[in-house]
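Here's a walk through one protein model, written for someone who likes to know where the strands, charges and pockets sit. Have the viewer open while you read.

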Amino acid sequence: SGELLEFIQKNNIKAILPYDSNLDLENFCKEHGIVYYSSSDKLKDELRDKTRIDEISRAIGLETIPGIPGIIDDFDYKDLITKFGLPLFLHFEEGAGGSGNRIVNSIKDFEKIKKEKSGKKLNVKKYFAGKSCCVDICVTANSVICGLLEEMVIGSPPINSNPTEYVGSSWFGNNYNHEFRKRIQDICVRLGDYLRTQGFIGVFHPDFLFGDNGEIFLTELNM
């Protein structure tokens with residue numbers, strides 16, 4: 001904290017807008033009279049809970065991928081494939097950058113994951129094949145500021161063998177037309193406005209999944 005304080009004093013910094021906050025940083029700002037433009041970790045944990053993503057989607061008028069939230073131990077493989085078919089998409093509450101997600105094609109895989117993740121919260125979803133993108137967003141008391149549309153590279157062997165994990169991003173040459181960009185921007189503004197009603201102020205980025213027929217789904221919030 002000595003180096004941080006020296007940097008702040010040298011550059012006459014009166015306020016900070018952190019992307020990823022923590023209690024130590026919050027306390028540091030309080031101690032030194034620095035305005036801290038970010039919500040508490042407690043609120044962020046509540047909002048980025050992946051099992052709440054469908055609730056948030058419906059609140060801003062977005063359709064959702066069919067799924068059921070719950071605890072992995074409570075799900076039965078046969079019931080799930082009857083409802084959603086194969087493959088199943090297991091979207092666990094924990095795990096950044098898609099590292100906690102699993103695609104399941106057999107009862108053997110499901111039971112193995114069920115044992116490894118016993119007690120964990122998740123959304124069990126119908127698998128949807130599409131492209132992933134995100135947008136950096138800043139929510140202030142009076143406005144929602146949206147960055148550029150960012151295409152996400154997911155599961156790209158040999159860089160990463162997990163087909164659901166984030167690898168990198170591209171801001172250029174992704175062939176999104178103006179209409180699509182406008183739709184995403186409108187969704188992002190609605191999302192930012194909604195999060196403000198929940199008490200959120202600060203920077204975050206939502207992940208989206210979209211399909212060939214114009215579908216756009218909100219998949220998680222990163223903050």
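Which residue in E8 is the bridge partner of Ser132? That's Met152. Before going further, keep in mind that this is a predicted model.

**The five-stranded sheet**

The pair Ser132 and Met152 belongs to a bigger ladder: strand E7 (residues 131-139) and strand E8 (residues 144-154) run antiparallel and are joined by 7 bridges. Both strands sit in an open sheet of 5 strands, ordered E9-E8-E7-E10-E11, with antiparallel pairing. At the edges you'll find strand E9 (166-170) and E11, each of which pairs on one side only. From one strand to the next, the twist in this sheet averages 35°.

**The four-stranded sheet**

There's another open sheet, this one made of 4 strands in the order E3-E6-E4-E5, and its pairing is antiparallel too. Its edge strands are E3 (67-71) and E5 (101-104), and each pairs on one side only. Neighbouring strands here are turned by 20° against each other on average, direction ignored. Inside the sheet, strand E4 (residues 88-92) and strand E6 (residues 121-126) run antiparallel, with 5 bridges between them. If you want a spot to click on, Leu90 stands opposite Val124 in E6.

**Pockets**

Now for the open space. The largest pocket holds about 660 Å³, and the second largest holds about 240 Å³.

How many residues line the largest pocket, and which lie nearest its centre? The lining has 36 residues, with Phe89, Asn101, Ser132, Leu209 and Thr219 nearest the centre. Ser132 is thus a name you've met already, as the partner of Met152. By class, the lining splits into 16 nonpolar, 12 polar and 8 charged residues. Strand E11 (residues 216-222) gives the most to this lining, with 5 residues.

The second largest pocket is lined by 14 residues, and Arg48, Lys50, Leu221, Asn222 and Met223 are the ones nearest its centre. Its lining counts 4 nonpolar, 3 polar and 7 charged residues. E11 turns up again here, providing the largest share of the lining with 3 residues. So an edge strand of the five-stranded sheet shows up in the lining of the largest pocket and in that of the second largest.

**Salt bridges**

Side chains of opposite charge can pair when their charged atoms come close. How many salt bridges does a search of the whole structure find? The search turns up 8. Three of them are set out below, with the closest N to O distance for each.

| Salt bridge | N to O distance |
|---|---|
| Arg48 and Asp45 | 2.7 Å |
| Glu55 and Arg52 | 2.9 Å |
| Lys182 and Asp186 | 3.0 Å |

Arg48, one of the residues nearest the centre of the second largest pocket, is partly exposed, with a relative accessible area of 22%. Its partner Asp45 is partly exposed as well, at 45%.

In the next pair, is Arg52 buried or exposed? Arg52 has a relative accessible area of 19%, so it counts as buried, the cut-off for that being under 20%. Glu55, on the other side of the bridge, comes out as partly exposed at 39% relative accessibility.

The last pair in the table sits within one helix: Lys182 and Asp186 are both in helix H7 (residues 178-197), 4 residues apart, which is about one turn of the helix. Lys182 is partly exposed at 39% relative accessibility, and Asp186 is partly exposed at 32%. Elsewhere, Asp49, Glu93 and Lys121 are joined into one network by salt bridges that share partners.

**A long span**

One more thing to draw a line across: how far apart in space are Lys30 and Phe110? Going C-alpha to C-alpha, Lys30 and Phe110 are 47 Å apart, with their positions 80 residues apart in sequence. Lys30 has its place in helix H2 (residues 23-31). With 66% relative accessibility, Lys30 counts as exposed, since the cut-off for that label is over 50%.

Terms used
Residues are numbered from 1 along each chain as its sequence is written. This is a predicted model: local features need pLDDT of at least 70, side-chain atom pairs count only at pLDDT 80 or more; totals for chains, interfaces and linings use all residues. Side-chain values use heavy atoms; hydrogens and water are left out. On a 1 Å grid over the protein atoms alone, a cavity is a set of points where a 1.4 Å probe fits but cannot get out, and a pocket is an open set with protein on both sides within 12 Å along at least five of seven lines; lining residues have an atom within 4 Å of a point. Grid points are joined across faces, edges and corners, and a volume is the space filled by probe spheres set on the points. Helices (H or I, at least four residues) and strands (E, at least two) are DSSP runs, numbered from the N terminus. Ala, Val, Leu, Ile, Met, Phe, Trp, Tyr, Cys and Pro count as nonpolar, Asp, Glu, Lys and Arg as charged, and the others, Gly among them, as polar. A salt bridge is a side-chain nitrogen of Lys or Arg within 4 Å of a carboxyl oxygen of Asp or Glu. Buried means under 20% relative accessible area, exposed over 50%, partly exposed in between (1.4 Å probe, protein chains only). Two strands pair if DSSP finds at least two bridges between them. Axes are lines fitted to C-alpha atoms, for helices over the stretch in contact, and angles run from 0 to 180 degrees between N-to-C directions.
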